[in-house]
Amino acid sequence: MAEMRYREALNEALTEELERDPNVYLMGQDISVFGGAFKVTEGLMDRFGEKRIRDTPISENTIVGIGVGSAMTGLRPVIELMTINFSLLALDQIINHAAHVRYMFGGQVSVPLVVRMPQGAGHQLGPTHSHSFEALYLHVPGLLVAVPSTAADAKGLLKTAIRDDNPVIFIEHETLYGQRGEVPDDPDFTVPFGLAAIRRAGSDVTIIGISRMAQTAECAAEQLAAEHGIEAEVIDPRTLRPLDLDTILESVAKTNRCVIVEEGWPHGGVGANLAALIGEQGFDDLDAPVGRVTGVDAPMPYAKNLEQISFPHEQQVIEATLALFGDRKRALRG
Amino acid sequence: MADRPLPPPETAINWFKSMTLIRRFEERAGEQYTRAKVGGFLHLAIGEEATIVGAVAALRPTDYMIATYRSHGQALARGSEPGRVMAELFGRVDGLCRGRGGSMHMFDLERRFMGGFGIVGGNLPLAAGFGLSSDYLGNDDATLCQFGDGASNQGTFGETLNLAALWSLPVVFMVTNNQFGMGTSLERHSAQTDLQVKGEGFGVPGLECDGMDVIDTWAVTEEALRIAREERQPVLVEALNYRFRGHSIADPEDYRSAEEVLEWSKRDPLLTFGDRLIAEGVINEQQREAIDLEAIATVDEAVAFADASPEPEPSSLYDDVYVLSDEVRGWYSADHRGAGLQKGEELC
């Protein structure tokens, strides 16, 4: 094991896959000379050259489309969009093309494409630069969606994403890039898609945290144990498509309660989807309605105090969990 | 019309046959649409046969061709079996795309016909992607990307031409200017109506061809492909043509006059090319008739083939949404209507 930052783990994954497969190449704004807006691709141009580490103009839709076309004809592009906010400019290529080309042409081609991009609030970047869009991409059949929350998962999932033959939306988190974690040294280390991580074992309640919220959930769980005697099982699904629903349902069967924590909006969110699935397939195991903790249903404000109350923190997770134990009124008064 | 000499007789006859087949195929497709055999939208290429056949004739078999939602003709010209094209229109399992794509989404990988695409301008970035693959892999394949005059107003037009020039990609962009973006005439949708110059600011030089003349289209496309392939310089070719039918079958054509259509119909590419082949002694009137009857017979067979082809199995509904991997755990889809529930480890 080696300790490294989340961004370094991503850099190592890219380096190893570029070494392993000559048809893997990187493309994105400022990834080459500049080393990436978040320095994930630092040093790669010197090592692999401009043919494989390609700076692009600011043309998100076309960058993704070029990736799709090259993936249809033998290459394995890894695209960096500077942030997930700008992926909205590329939605046509991501949904109408990357996700659907294989299906609409009867399986004649595949699109082994990775679109990497960070999301998340916390840097006071206001309404156009703070989105969390895992729910948007989760919605689309044909796409796979990964949401790594640790350095090890960042590396292991990215390697799997690059080797997978489907288009993968790989969602990093802006506030995690500098975070350190233990990462296995083994160059063959990968994290399979569709395998949730149980971050903390517990028997009283299941808390599912998405992306950065897996960490928030874990912190909340420690406080729940220390201050309320509630032992929470914390699950990080790690990929939302494919989804390790089995691990979630097994946990809920044990704990009989569930809270889902995500940074994005509540309507049509990841939690809404998971709550429906748990309701459909685990209803008999539930002693209380599935709880959700989400970002607020508004664009992200700039003012620091407003921004901080616009996405979940440990306290909201604790209150939502306590509410499942018959203390809902107290929790709502908060 | 007679500016350029005819190609060798065998080549000229093949082009004429290909154009005739497209014309008869499209007419029959329209007829089948009115009989409800074909669903959705149906965009016919009647009047655009010379643009299609001339452009395709300039391609090598290993070159990539990509087109729009009006793409039955491109598939046929590339050599796709007419029966499989018709079966796709009918939504049958033997269709080129197994009934998943329909009229707007033809695709034949074996012939490097890389698709009809339903989103206007959506195919341009993909063409640059094919060009990037050729460049990256170090071969001399080129890509021909056809799109309409309307698509030249999309953001992807400027973005893609810029990138193709910046990266020296071997791509020929062919804007088939049939004078209308659906029902909006060129001068009402584009400030610059001389479309061949629209790429210059992006570093992509323009050429123009008479899209009603198969020989001119072939000659200009071939030169453009040579520049793209040998000089690694993308080129924009404007092919001027005219569609004789509406934008789609559901188009009443209120936006243009009968006189205008009549005027253009005098330049019908099939008629004029056939007349020239006769005038220059390549074929006689009986042979023209025989070629026409042969095309009609081929289309008859295509309809019979499509009619006989079964509908896709309902159980195949989820096929090819994903490339399933035995490495993957968990559920690709939570939709319990899906056969096998799409669980990777169970399906593989």
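**Exercise 1. How far apart are the centres of domain 1 and domain 2 of chain B, taken over C-alpha atoms?**

Keep in mind that this is a predicted model.

Step 1. Start with the bounds: the assignment for chain B puts domain 1 at 9-312 and domain 2 at 320-348.

Step 2. Take the C-alpha centre of each domain of chain B; the two centres are separated by 37 Å.

Step 3. Now do chain A, where the assignment gives domain 1 as 2-183 and domain 2 as 197-329. Here the C-alpha centres lie 27 Å apart.

**Exercise 2. How many residues does each domain of chain A put into the contact between them, and which elements of domain 1 supply at least two?**

Step 1. Count both sides: domain 1 of chain A brings 24 residues and domain 2 of chain A brings 25 residues.

Step 2. Look at the domain 1 side of chain A. The elements with at least two residues each are α6 (134-138), β6 (144-146), α7 (151-163) and β7 of chain A.

Step 3. Sort that domain 1 side by class, and you get 14 nonpolar, eight polar and two charged residues.

**Exercise 3. What is the strand order of the five-stranded open sheet in chain A, and why is one side of β9 and of β14 left without a neighbour?**

Step 1. Read across the sheet of chain A: the order is β9-β11-β10-β13-β14, and the pairing is mixed.

Step 2. Go to the edges. β9 (197-200) and β14 (291-293) of chain A each have a single partner strand, so one side of each has no neighbour in the sheet.

Step 3. Check the twist: ignoring direction, neighbouring strands of this sheet are turned by 25° against each other on average.

Step 4. Zoom in on one edge. β9(A) and β11 (residues 232-236) of chain A run antiparallel and are joined by three bridges. One pair to find on screen is A:Ala197 with its bridge partner A:Asp236 in β11(A).

Step 5. Add the helices. α8 (residues 213-228) of chain A packs on the sheet and touches β9, β10 (205-209), β11 and β13 (258-261) of chain A, with its direction at about 150° to that of β10(A). Helix α10 (residues 270-282) of chain A also packs on the sheet, touching β10, β13 and β14 of chain A, and its direction makes about 160° with that of β13(A).

**Exercise 4. In the seven-stranded open sheet of chain A, which strands stand at the edges?**

Step 1. Write down the order for chain A: β3-β2-β4-β5-β7-β6-β12, with mixed pairing.

Step 2. Pick the ends. They are β3 (53-55) and β12 of chain A; each has a single partner strand, so one side of each lacks a neighbour in the sheet.

Step 3. The twist from one strand to the next averages 20°.

Step 4. For a pair inside that order, try β5 (residues 114-119) and β7 (residues 168-173) of chain A, which pair in the parallel sense over six bridges. A:Gln119 has A:His173 in β7(A) as its bridge partner.

**Exercise 5. Which element gives the most to the side of chain B that touches chain A?**

Step 1. Set the totals: 42 residues come from chain B and 44 residues from chain A.

Step 2. List the elements of chain B that give two or more residues: α5 (123-137) and α6 (155-166).

Step 3. The winner is α5(B), with 10 residues.

Step 4. By class, this side of chain B holds 21 nonpolar, 14 polar and seven charged residues.

**Exercise 6. What radius of gyration would a compact globule of 334 residues have, and what does chain A have?**

Step 1. The globule value for 334 residues is near 20 Å; chain A has 20 Å, so the two agree.

Step 2. Repeat for chain B: 348 residues also point to a value near 20 Å, and its 21 Å agrees.

**Exercise 7. Where do the backbone oddities sit?**

Step 1. Find the cis peptide bond from A:Arg241 to A:Pro242, with omega near -10°. A:Pro242 is in the loop between β12 (239-241) and α9 (245-255) of chain A.

Step 2. Switch to B:Gln179, a non-glycine with a positive phi of about 80°. B:Gln179 belongs to the loop between β3 (171-177) and β4 (180-181) of chain B.

Step 3. Finish at α1(B), which is followed by B:Ala36, whose phi is positive, near 65°.

Methods. Residues numbered from 1 in each chain as written. Chains lettered and ligands numbered in written order. Predicted model: local features only at pLDDT ≥ 70, side-chain atom pairs only at ≥ 80, totals over all residues. Helix = DSSP H or I, 4+ residues; strand = E, 2+ residues; numbered from the N terminus. Domains from an automatic or database assignment. Pairing = 2+ DSSP bridges. Axes fitted to C-alpha atoms, helices over the stretch in contact; angles between N-to-C directions. Contact = placed C-beta atoms within 7 Å. Nonpolar A, V, L, I, M, F, W, Y, C, P; charged D, E, K, R; others polar. Rg over C-alpha atoms; globule rule 2.2 N^0.38 Å.
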